[in-house]
Amino acid sequence: MEDFLFNDDSKDLPFFAPEQKESTRETEPPWKIMIVDDQEEVHQVTEMVLNNFCFEGKEVELINAYTGAEAKNLVRQNPDTAVILLDVVMETDDAGLRVADFIRKTLKNDITRIVIRTGQPASMTREQVIRNYKINCYTEKTESTAQSLTAVISRELRSLI
């Protein structure tokens with residue numbers, strides 16, 4: 001279920017550059033992908049899967065955050081983050097949702113793609129989370145495989161070009 005629309009400001013973000021689609025890898029910055037999870041193993045496995053990942057001739061740069069607070073700081077420092085892989089339950093039961101709310105409402109960023117990856121469902125239904133927090137994709141960690149992760153990342157990056 002997607003209810004994401006680009007706004008007129010989308011062309012001002014560094015990673016949104018369809019006219020540069022055919023540029024070479026050396027001239028284009030990597031896709032920034034942020035992993036937000038309190039479990040070190042999740043970071044390690046995600047890094048292993050995305051180690052040599054390339055999309056449209058661009059490599060990825062992984063940014064790691066282990067708490068909601070750290071994620072908020074890193075999003076501010078990296079406004080050109082393309083995709084955020086976001087856990088819901090970290091230091092609080094809704095830390096990830098607070099990060100999503102911060103990105104969408106405080107930073108007014110509707111461009112960065114937010115992918116919820118959770119092991120514990122939120123108190124709301126999946127549809128409510130997607131709608132209320134403008135989430136682009138919602139997955140259960142138990143459903144996650146290397147293939148499904150790269151497919152999700154590819155789909156989310158494709159939506160930015």
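Okay, let's start with strand E5, which is covered on both faces: Arg113, Val115 and Arg117 are buried on one side, and Ile114, Ile116 and Thr118 are buried on the other. Buried here means under 20% relative accessible area, exposed means over 50%, and partly exposed is in between, with a 1.4 Å probe and protein chains only. Strands are DSSP runs of E with at least two residues, helices are runs of H or I with at least four, and both are numbered from the N terminus.

Some housekeeping before I go on. This is a predicted model, so local features need pLDDT of at least 70 and side-chain atom pairs count only at pLDDT 80 or more, while totals for chains, interfaces and linings use all residues. Residues are numbered from 1 along each chain as its sequence is written, and side-chain values use heavy atoms, with hydrogens and water left out.

So, the overall picture. We have five helices and six strands, and along the sequence they run β-α-β-β-α-β-α-β-α-β-α. Of the 161 residues in the protein, 46% are buried. The accessible surface comes to about 8600 Å², and carbon and sulfur atoms hold 48% of that; those areas come from the Shrake-Rupley method with a 1.4 Å probe, and for residues only the protein chains shown count as cover. On contacts, meaning heavy atoms within 4.5 Å: take those with a separation of 6 or more, and 70% of them join residues 24 or more positions apart.

Back to E5. Which strands does E5 pair with? E4 is one, in the parallel sense over four bridges, and E6 is another, also parallel and over four bridges. Two strands pair if DSSP finds at least two bridges between them. On the E4 pairing, leucine 86 has isoleucine 116 in E5 as its bridge partner. On the E6 pairing, arginine 117 stands opposite threonine 139. E6 itself, residues 137-140, has Cys137 and Thr139 pointing one way and Tyr138 and Glu140 the other, and all are buried.

Following the chain on from E5, there's a loop between that strand and helix H4 (126-133), and serine 123 lies in it. Serine 123 counts as exposed because its relative accessibility is 81%. C-alpha to C-alpha, serine 123 is 8.8 Å from aspartate 94, with their positions 29 residues apart in sequence.

Now compare another serine, 154, which is in helix H5, residues 146-158. Is serine 154 buried or exposed? Buried, because its relative accessible area is 16%. A polar atom of its side chain lies 2.9 Å from the backbone oxygen of threonine 150. Leaving aside neighbours within four places in sequence, serine 154 is in contact with Phe53 and Phe55.

H5 as a whole has 13 residues and reaches 18 Å from first C-alpha to last, close to the 18 Å expected at 1.5 Å a residue. That expected span is 1.5 Å times one less than the number of residues. Along with Ser154, the buried residues in H5 include Leu149, Val152, Ile153, Glu156 and Leu157. The buried residues of H5 pack against E1, H1, E2, E4, E5 and E6.

Last bit: cysteines. How many disulfides does the structure hold? Zero, where a disulfide is a pair of cysteine sulfur atoms within 2.5 Å. Cysteine 54 is partly exposed, because its relative accessible area is 33%, whereas cysteine 137 counts as buried at 9%.

Notes:
A polar contact is a pair of N or O atoms within 3.5 Å; within protein, one must be able to donate a hydrogen and the other to accept it, and residues adjacent in sequence count only if both atoms are side-chain atoms.
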